[in-house]
Amino acid sequence: MGRVYLKQLLAGRDFAESDFAAGQMMNFVYLIGDRDAGECVVADPAWDVDGIIAAAEADGMKITGALATHYHPDHVGGEIFGMNIQGLPRLMEINPCKTHVHKLEADGVRMVTGLADSDLVKHESGDVLKVGEVEIEMLHTPGHTPGSLCFRLKDALIAGDTLFLQGCGRVDLPGGDPDEMYYTLTQRLSKLPGDMILFPGHAYGGEHAAMEKVRRTNPYLQIKDINTWRRHMG
Ligand SMILES: [Fe+2]
(Lines give C-alpha, C1' and ligand atoms only; values in the text may rest on other atoms or scores of the structure.)
Protein backbone atom coordinates (compact mmCIF):
# COMPACT_ATOMS: atom_id res chain seq x y z
CA MET A 1 0.00 0.00 0.00
CA GLY A 2 3.04 2.30 0.00
CA ARG A 3 2.50 5.34 2.14
CA VAL A 4 -1.11 4.45 2.96
CA TYR A 5 -1.41 3.49 6.60
CA LEU A 6 -4.34 1.26 7.50
CA LYS A 7 -4.53 -0.59 10.78
CA GLN A 8 -7.41 -2.79 11.85
CA LEU A 9 -7.81 -3.14 15.61
CA LEU A 10 -10.22 -5.64 17.17
CA ALA A 11 -11.82 -4.66 20.48
CA GLY A 12 -11.14 -7.18 23.23
CA ARG A 13 -8.03 -8.46 21.43
CA ASP A 14 -5.90 -5.56 20.15
CA PHE A 15 -7.17 -3.02 22.70
CA ALA A 16 -9.73 -3.11 25.55
CA GLU A 17 -8.21 -6.54 26.21
CA SER A 18 -9.74 -6.87 29.69
CA ASP A 19 -13.22 -5.66 28.68
CA PHE A 20 -15.49 -8.69 28.43
CA ALA A 21 -18.29 -6.78 26.65
CA ALA A 22 -15.85 -5.42 24.09
CA GLY A 23 -14.73 -8.96 23.34
CA GLN A 24 -18.33 -10.05 22.91
CA MET A 25 -19.24 -7.17 20.60
CA MET A 26 -16.17 -7.69 18.39
CA ASN A 27 -16.04 -4.09 17.12
CA PHE A 28 -13.27 -3.05 14.78
CA VAL A 29 -11.56 0.33 15.04
CA TYR A 30 -9.48 1.57 12.13
CA LEU A 31 -6.50 3.88 11.94
CA ILE A 32 -6.20 5.37 8.46
CA GLY A 33 -3.59 7.80 7.32
CA ASP A 34 -0.32 8.74 5.71
CA ARG A 35 2.67 6.81 6.99
CA ASP A 36 5.17 9.34 5.63
CA ALA A 37 3.36 12.29 7.23
CA GLY A 38 2.92 10.36 10.51
CA GLU A 39 -0.74 11.40 10.59
CA CYS A 40 -3.91 9.34 10.81
CA VAL A 41 -7.60 9.53 11.60
CA VAL A 42 -9.42 7.00 13.74
CA ALA A 43 -12.66 5.44 12.55
CA ASP A 44 -15.17 4.54 15.25
CA PRO A 45 -13.05 5.13 18.37
CA ALA A 46 -14.81 3.33 21.21
CA TRP A 47 -14.33 0.99 24.19
CA ASP A 48 -10.76 1.98 25.11
CA VAL A 49 -9.61 5.23 23.55
CA ASP A 50 -6.34 5.28 25.49
CA GLY A 51 -5.51 1.85 24.11
CA ILE A 52 -6.35 2.98 20.57
CA ILE A 53 -4.12 6.03 20.88
CA ALA A 54 -1.34 3.85 22.26
CA ALA A 55 -1.64 1.60 19.20
CA ALA A 56 -1.28 4.63 16.91
CA GLU A 57 1.68 5.94 18.89
CA ALA A 58 3.38 2.56 18.76
CA ASP A 59 3.36 2.95 14.96
CA GLY A 60 4.66 6.52 15.19
CA MET A 61 1.29 7.95 14.13
CA LYS A 62 -0.50 10.99 15.51
CA ILE A 63 -4.33 11.00 15.45
CA THR A 64 -5.51 14.23 13.83
CA GLY A 65 -9.22 13.48 13.40
CA ALA A 66 -12.02 10.99 13.92
CA LEU A 67 -14.48 9.39 11.53
CA ALA A 68 -17.87 8.04 12.56
CA THR A 69 -19.48 5.37 10.40
CA HIS A 70 -22.69 5.89 12.38
CA TYR A 71 -23.98 7.01 15.75
CA HIS A 72 -24.37 3.71 17.63
CA PRO A 73 -22.59 3.77 21.01
CA ASP A 74 -20.45 0.71 20.29
CA HIS A 75 -18.84 2.83 17.53
CA VAL A 76 -18.70 6.34 19.01
CA GLY A 77 -19.28 5.82 22.74
CA GLY A 78 -22.34 6.32 24.91
CA GLU A 79 -24.94 4.30 26.77
CA ILE A 80 -26.22 1.02 25.43
CA PHE A 81 -27.50 -2.16 27.14
CA GLY A 82 -26.91 -0.50 30.54
CA MET A 83 -23.21 0.03 29.76
CA ASN A 84 -21.46 3.35 29.34
CA ILE A 85 -19.01 2.79 26.51
CA GLN A 86 -16.02 5.09 26.22
CA GLY A 87 -15.70 6.88 22.92
CA LEU A 88 -15.51 10.28 21.29
CA PRO A 89 -15.80 12.27 24.56
CA ARG A 90 -12.64 10.57 25.86
CA LEU A 91 -10.88 11.27 22.56
CA MET A 92 -11.83 14.97 22.87
CA GLU A 93 -10.35 15.00 26.38
CA ILE A 94 -6.96 13.51 25.60
CA ASN A 95 -6.53 14.10 21.85
CA PRO A 96 -8.89 16.91 20.78
CA CYS A 97 -9.80 16.83 17.09
CA LYS A 98 -12.78 17.10 14.76
CA THR A 99 -15.13 14.20 14.10
CA HIS A 100 -16.28 13.66 10.51
CA VAL A 101 -19.86 12.47 10.10
CA HIS A 102 -22.53 12.37 7.45
CA LYS A 103 -24.83 15.37 7.79
CA LEU A 104 -27.82 13.10 8.54
CA GLU A 105 -25.94 11.40 11.39
CA ALA A 106 -24.76 14.54 13.20
CA ASP A 107 -27.76 14.81 15.54
CA GLY A 108 -27.46 11.15 16.52
CA VAL A 109 -23.74 11.47 17.22
CA ARG A 110 -24.31 14.57 19.35
CA MET A 111 -27.17 12.87 21.21
CA VAL A 112 -25.27 9.73 22.23
CA THR A 113 -21.85 11.33 22.85
CA GLY A 114 -22.73 14.82 24.11
CA LEU A 115 -20.28 16.34 21.62
CA ALA A 116 -20.95 19.92 20.50
CA ASP A 117 -21.99 20.81 16.99
CA SER A 118 -18.65 22.60 16.60
CA ASP A 119 -16.82 19.30 17.26
CA LEU A 120 -18.33 17.84 14.09
CA VAL A 121 -17.59 18.23 10.38
CA LYS A 122 -20.72 17.31 8.42
CA HIS A 123 -20.28 15.62 5.06
CA GLU A 124 -22.16 14.78 1.90
CA SER A 125 -21.59 11.59 -0.04
CA GLY A 126 -18.54 11.91 -2.27
CA ASP A 127 -16.66 14.29 0.01
CA VAL A 128 -12.95 13.54 0.22
CA LEU A 129 -10.87 13.98 3.36
CA LYS A 130 -7.14 14.29 2.92
CA VAL A 131 -4.90 12.94 5.66
CA GLY A 132 -1.43 13.95 4.64
CA GLU A 133 -1.47 12.91 0.98
CA VAL A 134 -3.89 10.03 1.49
CA GLU A 135 -7.46 10.54 0.31
CA ILE A 136 -10.49 9.07 2.05
CA GLU A 137 -13.78 9.25 0.19
CA MET A 138 -17.05 9.29 2.13
CA LEU A 139 -19.81 7.12 0.71
CA HIS A 140 -23.32 7.59 2.08
CA THR A 141 -24.74 4.11 2.64
CA PRO A 142 -28.06 4.45 4.49
CA GLY A 143 -30.01 1.45 5.74
CA HIS A 144 -28.52 0.56 9.12
CA THR A 145 -28.94 4.24 10.09
CA PRO A 146 -29.99 7.24 7.98
CA GLY A 147 -26.50 8.74 7.84
CA SER A 148 -24.30 5.65 7.75
CA LEU A 149 -21.00 6.22 5.96
CA CYS A 150 -18.47 3.91 4.40
CA PHE A 151 -14.92 5.20 3.97
CA ARG A 152 -13.16 4.38 0.74
CA LEU A 153 -9.43 4.28 0.33
CA LYS A 154 -7.81 3.39 -2.97
CA ASP A 155 -8.28 -0.34 -2.52
CA ALA A 156 -10.10 -0.70 0.81
CA LEU A 157 -13.59 -0.03 2.13
CA ILE A 158 -14.17 0.67 5.82
CA ALA A 159 -17.82 -0.32 5.97
CA GLY A 160 -18.99 0.16 9.57
CA ASP A 161 -22.23 -1.73 10.13
CA THR A 162 -23.35 -1.47 6.51
CA LEU A 163 -21.70 -4.69 5.35
CA PHE A 164 -20.02 -7.59 7.11
CA LEU A 165 -18.35 -10.56 5.48
CA GLN A 166 -21.36 -12.76 6.14
CA GLY A 167 -24.16 -10.28 6.73
CA CYS A 168 -25.25 -6.68 6.79
CA GLY A 169 -26.22 -4.26 9.54
CA ARG A 170 -29.56 -4.60 11.32
CA VAL A 171 -32.39 -2.61 9.83
CA ASP A 172 -34.86 -3.09 12.70
CA LEU A 173 -33.31 -0.53 15.07
CA PRO A 174 -34.47 3.12 15.20
CA GLY A 175 -33.53 4.81 11.93
CA GLY A 176 -33.04 1.48 10.17
CA ASP A 177 -34.63 1.18 6.74
CA PRO A 178 -34.76 -2.19 4.93
CA ASP A 179 -35.40 -0.65 1.49
CA GLU A 180 -32.48 1.78 1.82
CA MET A 181 -30.22 -1.10 2.87
CA TYR A 182 -31.26 -3.01 -0.23
CA TYR A 183 -30.40 -0.04 -2.47
CA THR A 184 -27.11 0.45 -0.64
CA LEU A 185 -26.07 -3.16 -1.17
CA THR A 186 -27.37 -3.57 -4.71
CA GLN A 187 -26.68 -0.09 -6.11
CA ARG A 188 -24.53 2.20 -3.98
CA LEU A 189 -21.85 -0.44 -3.28
CA SER A 190 -22.35 -2.55 -6.39
CA LYS A 191 -19.82 -0.68 -8.55
CA LEU A 192 -16.88 -1.13 -6.19
CA PRO A 193 -14.11 -3.20 -7.76
CA GLY A 194 -13.94 -6.88 -6.88
CA ASP A 195 -10.39 -6.62 -5.62
CA MET A 196 -11.30 -3.91 -3.11
CA ILE A 197 -10.89 -5.24 0.43
CA LEU A 198 -13.89 -5.00 2.74
CA PHE A 199 -13.06 -4.04 6.32
CA PRO A 200 -16.26 -4.39 8.37
CA GLY A 201 -17.31 -2.77 11.67
CA HIS A 202 -17.56 -6.10 13.50
CA ALA A 203 -15.78 -9.43 13.14
CA TYR A 204 -18.99 -11.20 12.15
CA GLY A 205 -17.97 -14.03 9.86
CA GLY A 206 -14.42 -12.81 9.33
CA GLU A 207 -12.05 -9.87 9.52
CA HIS A 208 -11.57 -8.80 5.91
CA ALA A 209 -12.06 -10.14 2.41
CA ALA A 210 -12.11 -9.02 -1.22
CA MET A 211 -15.47 -7.68 -2.39
CA GLU A 212 -15.49 -10.27 -5.15
CA LYS A 213 -15.48 -13.04 -2.55
CA VAL A 214 -18.00 -11.27 -0.33
CA ARG A 215 -20.37 -10.95 -3.29
CA ARG A 216 -20.17 -14.70 -3.86
CA THR A 217 -20.41 -15.84 -0.24
CA ASN A 218 -22.46 -13.32 1.74
CA PRO A 219 -26.03 -14.69 1.80
CA TYR A 220 -27.51 -11.17 1.98
CA LEU A 221 -25.94 -10.31 -1.36
CA GLN A 222 -27.60 -13.27 -3.08
CA ILE A 223 -31.12 -11.81 -2.80
CA LYS A 224 -32.02 -10.58 -6.26
CA ASP A 225 -35.25 -8.61 -5.85
CA ILE A 226 -36.65 -6.20 -3.31
CA ASN A 227 -39.83 -8.15 -2.55
CA THR A 228 -37.82 -11.21 -1.47
CA TRP A 229 -35.58 -8.86 0.50
CA ARG A 230 -38.58 -7.29 2.27
CA ARG A 231 -39.89 -10.72 3.27
CA HIS A 232 -36.49 -11.51 4.82
CA MET A 233 -35.81 -8.15 6.43
CA GLY A 234 -39.20 -6.54 7.03
FE1 LIG B 1 -24.56 -0.19 14.50
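**Exercise 1. Find which residues of α6 meet which residues of α8 in this predicted model.**

Solution. Start on α6: Pro178, Asp179 and Tyr182 are the residues to look for. Their partners in α8 are Ile226, Trp229, Arg230 and Met233. Now sort this contact by class: five residues are nonpolar, two are charged and none is polar.

**Exercise 2. Work out how the axes of α6 and α8 are arranged.**

Solution. First locate the helices: α6 covers residues 178–188 and α8 covers residues 226–233. Next, take the angle: their axes come within 10 Å and cross at roughly 130°. An angle between 115 and 145 degrees counts as oblique, so α6 and α8 are oblique to each other. Finally, add the handedness: the crossing of α6 and α8 is right-handed.

**Exercise 3. Decide whether glutamine 222 is buried or exposed.**

Solution. Begin by finding glutamine 222 in the loop between α7 (211–217) and α8. Then count its neighbours: 10 other C-beta atoms lie within 10 Å. A residue with 12 or fewer counts as exposed, so glutamine 222 is exposed. As an extra check on the model, find threonine 186, which is 36 residues away along the chain; its C-alpha atom and that of glutamine 222 are separated by 9.8 Å.

**Exercise 4. Explore the largest nonpolar core.**

Solution. This core has 66 residues, and Ile32 and Ile158 have the most contacts inside it. Strand β2 (residues 28–34) gives the most to the core, with five residues. Now zoom in on isoleucine 32: leaving out residues up to four places away in sequence, its contacts include Tyr5, Leu6, Val131, Phe151 and Ile158. In soluble globular proteins, nonpolar side chains tend to be buried together.

How values were computed:
Residues numbered from 1 in each chain as written. Predicted model: local features only at pLDDT ≥ 70, side-chain atom pairs only at ≥ 80, totals over all residues. Core = buried A, V, L, I, M, F, W, Y, C linked by C-beta atoms within 7 Å. Buried ≥ 20, exposed ≤ 12 C-beta atoms within 10 Å, placed from the backbone. Helix = DSSP H or I, 4+ residues; strand = E, 2+ residues; numbered from the N terminus. Contact = placed C-beta atoms within 7 Å. Axes fitted to C-alpha atoms, helices over the stretch in contact; angles between N-to-C directions. Parallel < 35°, antiparallel > 145°, perpendicular 65-115°, else oblique. Left-handed = near helix turned anticlockwise from the far one by under 90°. Nonpolar A, V, L, I, M, F, W, Y, C, P; charged D, E, K, R; others polar.
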